[in-house]
Structures are given as structure tokens and as C-alpha cells.
Amino acid sequence: MTAVDKNFEAYVFSKRPGYVEKEVRKEFANLMPLRTIVIFCFDPRAMGIPDAVAREFGEVYPGEAIQDEHGNDVGTTTSLLNVVVAGGRAMDALRSITVGQHLLGIENIVVVHHTHCGATSYTADGIIDAFRHEHGVDISDLYPRESVCITDFESSLKYDTELIRNSDGTPKHVNIYGYVYDIDTGKLTKLIENLASHNPE
Ligand SMILES: [Zn+2]
């Protein structure tokens, strides 16, 4: 049997017979007790970040799989989800925040930028020029200029936490934090704390 013979459509929830979206959403909400999303860089040296954030916020990570009676993994005890993107920049994470809230619910969003990051090694002008010369395309309007690289951590974290706060896809009740992670020591330093406003309901 080749891979194409397999009916992958059977694994698409919305194509299953008797699919009821709201019921499936309720089932997904029980998959994991998500509380915190952490956004950080795809640099392999930054992989200690979720552990450090879990310690800082008292989250369960990486947690353990929960299995059903057939031995299928149907959930996890982890309360922390990773969004791994270049530089840990929030722009790439906005859609994941919306989906994470919709399926599982979120209380905290933690943006972490790190020392020795590749995103601090080039400028917005530099990457735009390089793409023009090496690939023959103009990417100057493709991304917000402030999201393209990191020129200093305070402004990159301020920009990212505000970008998340001002997105309609971010639930109003979440707390948003900005940290720098020191690759050499594994230490987190909090630069931004943007707590949810207490809206009377
Ligand atoms: Zn990095």
C-alpha cells in the first residue's frame, strides 16, 4: 500500500459523519489544560525557553500524554504551548493565539526574545536589499518594518506585546508579558508586563 491509498480525509474532524462543530470544540477543550502560550525563536539554542517560562509561571511542561482505553494519545497534562518563530516575533504568532484561544483557552501570553539572536545580526534595510539583489523581489512592504529584525530588546518586546494586545484575535482577558532569555545562563528577565484590564461584566 502506498501512502496515497490511505484515506486521510477520515482524520479530518469536519468531514466525519454527524460532525457537530460545537461538540467537537468541547472535546478539544479537554485535550489539555492550556494556560500559557510562549512565543520564542527557532534558534536551537533557545529551546530551554519553554522550561524556563514553565518554572517562572508554575506551568506543567512538557507534561505527560493521557491515553484512552485503546492506548491512543487523547490528551496531555501540559499547560504550556510553544509558538516557535524567527526571533520570537509576535507578528508570526497572532493566528496561533486566536486558534489556541478558540480550541483550548489561554490566560497568559509570554513573548521571549533572546541574547545572541540572529534577528539582532541584520537590519531591516539589509534584508530588504539582500532579497532585492539575491532573489529579485521587493519585500519592503511585505512585513511591518518593526517586525523584521531586533534592534533593541526593550522596543522589540514593547512592539510585540502591544501588537498582540491590539489584535482583535487576542482575547481581552489575557495577561501579556515580554522577557529576555540569556542563552549563557538560562535566566529570564521580565521587561514588559501588560496585564488584562479588569472589565466589570
Ligand atoms: Zn533567535
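This is a short tour of the structure above, stop by stop, with something to select at each one.

Before you start, note that the model is predicted: local features need pLDDT of at least 70, side-chain atom pairs count only at pLDDT 80 or more, and totals for chains, interfaces and linings use all residues. Residues are numbered from 1 along each chain as its sequence is written, and side-chain values use heavy atoms, with hydrogens and water left out.

**Stop 1: the zinc ion**

Select the zinc ion and look for its protein donors, meaning N, O and S atoms within 2.8 Å of the metal (3.2 Å for Na, K and Ca). Water is not among the atoms, so sites may look incomplete. Which atoms will you find? They are SG of Cys 41, NE2 of His 114 and SG of Cys 117, lying 2.0 to 2.3 Å from the ion. Along the chain, these donors follow the spacing C-x72-H-x2-C. Cys 41 belongs to strand S1 (residues 36-41) and Cys 117 to the loop between strand S5 (108-114) and helix H4 (124-135), so the pair ties together parts that are 76 residues apart in sequence. Helices (H or I, at least four residues) and strands (E, at least two) are DSSP runs, numbered from the N terminus.

Now color by accessibility: buried means under 20% relative accessible area, exposed over 50%, and partly exposed in between (1.4 Å probe, protein chains only). Cys 41 is buried at 3%, and Cys 117 is buried at 3%.

**Stop 2: Thr 115**

Stay in the loop between S5 and H4, where Thr 115 is placed. A polar atom of its side chain lies 2.9 Å from the backbone nitrogen of Ile 183. Show contacts (heavy atoms within 4.5 Å). Leaving aside residues up to four places away in sequence, Thr 115 touches Phe 153, Val 180, Tyr 181, Asp 182 and Ile 183.

**Stop 3: strand S1**

Next, select S1, where six of six residues are buried. Two strands pair if DSSP finds at least two bridges between them. With strand S4 (residues 80-85), S1 pairs in the parallel sense over six bridges; look for Thr 36 opposite Leu 80. With S5, S1 also pairs in the parallel sense, over four bridges, and here Val 38 stands opposite Val 110.

**Stop 4: helix H2**

Move to H2 and pick out its buried residues: Ile 49, Pro 50, Ala 52, Val 53, Ala 54 and Phe 57. What covers them? The cover includes S1, S4, S5, S6 and strand S7 (187-194). Just after H2 comes Gly 58, with a positive phi near 70°.

**Stop 5: the aromatic pairs**

Rings of Phe, Tyr and Trp (its six-membered ring) pair if their centres lie within 6.5 Å; planes under 30 degrees apart count as stacked, over 60 as edge-to-face and the rest as tilted. How many aromatic pairs does the whole structure hold? A search finds three.

Select Phe 13 and Phe 28 for an edge-to-face pair, 5.1 Å centre to centre with 75° between the planes. Phe 13 sits in the segment before helix H1 (21-29) and Phe 28 in H1, 15 residues apart. Phe 13 counts as partly exposed because its relative accessibility is 35%.

Then select Phe 57 and Tyr 179, another edge-to-face pair at 6.1 Å and 70°. Phe 57 is in H2 (residues 49-57) and Tyr 179 in strand S6 (residues 175-182), 122 residues apart. Both Phe 57 and Tyr 179 are buried. Add Tyr 177 to the selection to see the cluster that ring pairs make of Phe 57, Tyr 177 and Tyr 179.

Technical notes: A polar contact is a pair of N or O atoms within 3.5 Å; within protein, one must be able to donate a hydrogen and the other to accept it, and residues adjacent in sequence count only if both atoms are side-chain atoms.
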